[in-house]
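Student: I would like to go through this model with you. Could we take the sheets before the interface?
Tutor: Certainly; please bring it up.

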Amino acid sequence: MLDITALSLRYGKHMALNDISVQVGAGESVVILGANGAGKSSLLKAIAGLAQPDAGAGVLFNGTSLSEIPAHRRVEYGIALVPEGRGVFGELSVDENLSLGAIPRRARDGESQRRAGVYALFPKLAERRRQRVGTMSGGEQQMVAIGRALMSNPDLLLLDEPSLGLAPIVVGELFGALTKIRNSGVGLLIVEQNVKFSLSISDRGYLMEAGQIVGQGTAEQLSNSQTVKDAFLGSPGDPHNQTQGAIK
Amino acid sequence: MLTSTLVLGLVLGGTYAMAALGLTLQYGVARIMNLAYGEFIITASFATYVLFTALNLNPVVAIALVVPAGFLMSYGIYFIVIRPLAARAKDAASLEIDSILATFGMLFLIQGLLLVSFGSNYTNYSYLNTPVEVFGVVIAANRLLAFVLAIFFGGGLYLVMTRTRWGMAMRAVATQPESAALVGLDINKTARLAFALGGALAALAGVVISMHETFTATGGVVFTMKALVVVILGGVGNLLGALVAGLLLGLIEALVSTYIDPGLTLAATYGIFLLMLLWRPTGIFGRAGSR
């Protein structure tokens with residue numbers, strides 16, 4: 001479904017992404033793990049069209065090259081981004097945010113069923129349809145952001161650190177919802193630092209370090225990998241340990 | 001005397017509210033501080049005057065001609081003047097500065113054209129200039145009509161902005177432009193439409209004002225300033241805020257003029273404006289963080 005090849009991206013002289021290749025199959029759930037500044041967000045931005053990669057990068061989605069497609073048109077192809085910081089419309093109500101999510105043409109048919117689906121997925125939002133999103137908690141805003149993305153009827157949902165800044169119990173709820181989304185057949189590409197939860201809902205994963213893919217494997221392989229344990233799962237030695245090497 | 005002051009204040013405020021609606025769209029959604037806004041109003045007033053005197057066309061009917069013309073002209077101006085500025089602007093602040101400079105130039109261009117065409121005299125025409133009684137207060141029928149039109153169009157626009165997806169998109173872009181692309185909104189297209197719609201509303205205000213006020217080719221700047229005060233009072237990009245703030249400003253001016261001194265109305269307006277800027281810069285309905 002998504003096929004990224006030879007993608008490099010720089011901010012001025014700083015090379016944020018260096019020759020990245022990432023694949024996500026239809027309905028597959030994939031996680032990208034990496035420390036702060038590894039380039040995970042930049043990769044999602046490049047896929048969503050919000051950052052411009054160097055010439056020569058291949059961004060194929062369902063067989064179509066997206067390289068020349070501006071960000072606002074990519075939703076139409078079935079890619080929806082839930083950005084870091086959520087990017088919700090704080091002055092608008094929950095319902096209005098969802099309505100805006102359904103702007104793409106591909107989202108017009110079945111809009112009301114999809115809205116009902118979002119409210120079934122997040123019952124907390126159903127109670128607060130008319131509430132201004134800006135007045136809601138971080139977890140609720142994250143739900144609105146995910147719900148809004150789902151309203152566009154996406155084939156692939158890009159999630160940039162959905163658990164960032166949320167209380168553990170809320171993170172649990174959130175990943176419960178993501179599991180349901182995954183089971184409904186929507187592909188997921190998640191960027192996370194919360195390794196435990198994100199691996200638990202993923203089929204495969206990539207490890208990123210300093211703008212490069214330094215390892216990949218199935219979720220099971222990554223869960224058992226010493227590298228991942230050392231870097232993220234807080235093994236007894238040093239909880240602040242950085243990614244040391246790669247599993248190839 | 002209080003009733004009469006309130007009625008006159010509301011009628012005056014209706015005009016202010018209507019004049020401010022377009023500017024709040026242009027400034028709030030399209031991010032263009034259009035200093036030539038008042039000239040758009042005056043141009044529409046002259047257009048109505050010409051239609052009325054030369055073709056004997058009823059000003060209410062003229063709305064159907066002048067308002068679409070205002071929309072198309074603003075759309076064209078956005079394409080020719082604003083689009084290159086928006087394309088090269090590094091950020092919202094630099095676009096704001098560039099647009100202020102460009103529309104400041106446009107102000108004198110339009111004013112010059114109006115001066116050449118109509119001279120610098122005060123112009124008016126007589127339409128529905130018959131007294132009617134409202135709550136025991138006698139006012140000219142054309143003023144009452146202007147108020148009704150302001151509430152009708154202002155309320156209608158408010159419904160469009162809150163009930164339609166299109167209106168929601170406008171409000172979304174006004175407060176969170178960086179998220180627009182996430183839902184498939186082309187921010188440039190939305191800005192263009194908002195600017196053109198703002199021009200249409202300026203034209204509407206111009207038609208309605210011409211029904212009961214005298215106007216002159218050089219009078220646009222007063223409208224721009226009053227509209228700007230209302231826009232800031234109501235919160236930039238907030239249509240309901242502009243409606244309420246417009247009515248409020250009219251009431252305040254009427255009260256100051258009646259009970260203190262007519263010469264102080266302008267001073268009172270800008271006094272309130274200054275206080276707002278100091279203590280509530282996001283407007284009477286403004287919330288922290290909403291731009």
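Student: How many bridges join strand 4 of chain A to strand 5 of chain A?
Tutor: There are 2 bridges between strand 4 (residues 58-61) and strand 5 of chain A, and the two run antiparallel. Strands pair if DSSP finds at least two bridges between them; strands (E, at least two residues) and helices (H or I, at least four) are DSSP runs numbered from the N terminus. In this pair, Leu60(A) stands opposite Ser65(A).

Student: What should I know about the numbering and the model?
Tutor: Residues are numbered from 1 along each chain as its sequence is written, and chains are lettered from A and ligands numbered from 1 in the order in which they are written. This is a predicted model, in which local features need pLDDT of at least 70, side-chain atom pairs count only at pLDDT 80 or more, and totals for chains, interfaces and linings use all residues, while side-chain values use heavy atoms, with hydrogens and water left out.

Student: In what order do the 4 strands of the open sheet in chain A come?
Tutor: The order is 2-1-4-5, with antiparallel pairing. Strand 2 (14-24) and strand 5 (64-65) of chain A are the edges.

Student: Which residue in the turn between strand 1 and strand 2 of chain A has a positive phi?
Tutor: Gly12(A), at about 65 degrees, in a hairpin with 2 residues between the strands. Strands 1 and 2 of chain A pair over 7 bridges, and Leu9(A) stands opposite Leu17(A) in strand 2.

Student: And the sheet of 6 strands, which strands stand at its edges?
Tutor: Strand 6 (79-82) and strand 10 (212-218) of chain A; each has a single partner strand, so one side of each is left without a neighbour in the sheet. The order is 6-7-8-3-9-10, with mixed pairing. Strand 3 (residues 29-34) and strand 8 (residues 187-192) of chain A pair in the parallel sense over 5 bridges.

Student: Changing topic: how many salt bridges are there between chain B and chain A?
Tutor: The count is 2, a salt bridge being a side-chain nitrogen of Lys or Arg within 4 Å of a carboxyl oxygen of Asp or Glu. One of them joins Arg165(B) to Glu111(A), with the closest N and O atoms 2.8 Å apart. Helix 6 (residues 165-175) of chain B gives the largest share of the side of chain B that touches chain A, 6 residues.

Student: How many residues does the contact take from each chain?
Tutor: It takes 18 residues from chain B and 23 residues from chain A, where contact means heavy atoms within 4.5 Å.
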